[in-house]
Amino acid sequence: MNHLHVDIARAQMSARLGEAEKARRSHQLARSIRMHRKAETAAQQARTALARAL
């Protein structure tokens, strides 16, 4: 019986770790997308400024 409780606890811990890893990857992806958009905006502004200067 005790062995069953250990197996259940281990399965629950594994599931929680999997969910935490998935959440972390999702957060990193969202941050990467935001940074990419920011970089694209900065690049576009730099191109516009250069075009105006010429």
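**View 1. Glu21 and Arg24 are joined by a salt bridge, with 2.7 Å between the closest N and O atoms.** A salt bridge here is a side-chain nitrogen of Lys or Arg within 4 Å of a carboxyl oxygen of Asp or Glu. This is a predicted model, in which local features need pLDDT of at least 70 and side-chain atom pairs count only at pLDDT 80 or more, while totals for chains, interfaces and linings use all residues. Residues are numbered from 1 along each chain as its sequence is written, and side-chain values use heavy atoms, with hydrogens and water left out. Glu21 and Arg24 stand three residues apart in helix α1, a separation of about one helical turn. Glu21 is partly exposed at 30% relative accessibility, and Arg24 is partly exposed with a relative accessible area of 41%. (Buried means under 20% relative accessible area, exposed over 50%, and partly exposed in between, with a 1.4 Å probe and protein chains only.)

**View 2. Glu21 also forms a salt bridge with Arg25, where the closest N and O atoms are 3.7 Å apart.** Four residues of helix α1 separate the positions of Glu21 and Arg25, which amounts to about one helical turn. Arg25 is partly exposed, its relative accessible area being 47%. Through salt bridges that share partners, Glu21, Arg24 and Arg25 become one network.

**View 3. Arg10 and Asp7 meet through their side chains in a salt bridge of 4.0 Å, N to O.** The two residues, Arg10 and Asp7, are three apart in helix α1, which covers residues 2–53, and about one helical turn lies between them. Arg10 is exposed, with a relative accessible area of 53%, whereas Asp7 is partly exposed at 36%. In total, the structure holds three salt bridges.

**View 4. The chain that carries these contacts contains one helix and zero strands.** Helices (H or I, at least four residues) and strands (E, at least two) are DSSP runs, numbered from the N terminus. The chain has a radius of gyration of 23 Å, well over the 10 Å that the globule rule gives for 54 residues, so it is more spread out than a compact globule. That radius is taken over C-alpha atoms, and the globule rule is 2.2 Å times the number of residues to the power 0.38. The C-alpha trace spans about 80 × 5 × 5 Å along its principal axes.

**View 5. Buried residues account for 0% of the 54 residues in the chain.** About 5100 Å² of the chain is exposed, and carbon and sulfur atoms supply 61% of that area.

Key
Areas by Shrake-Rupley, 256 points an atom, 1.4 Å probe, with all protein chains shown as cover.
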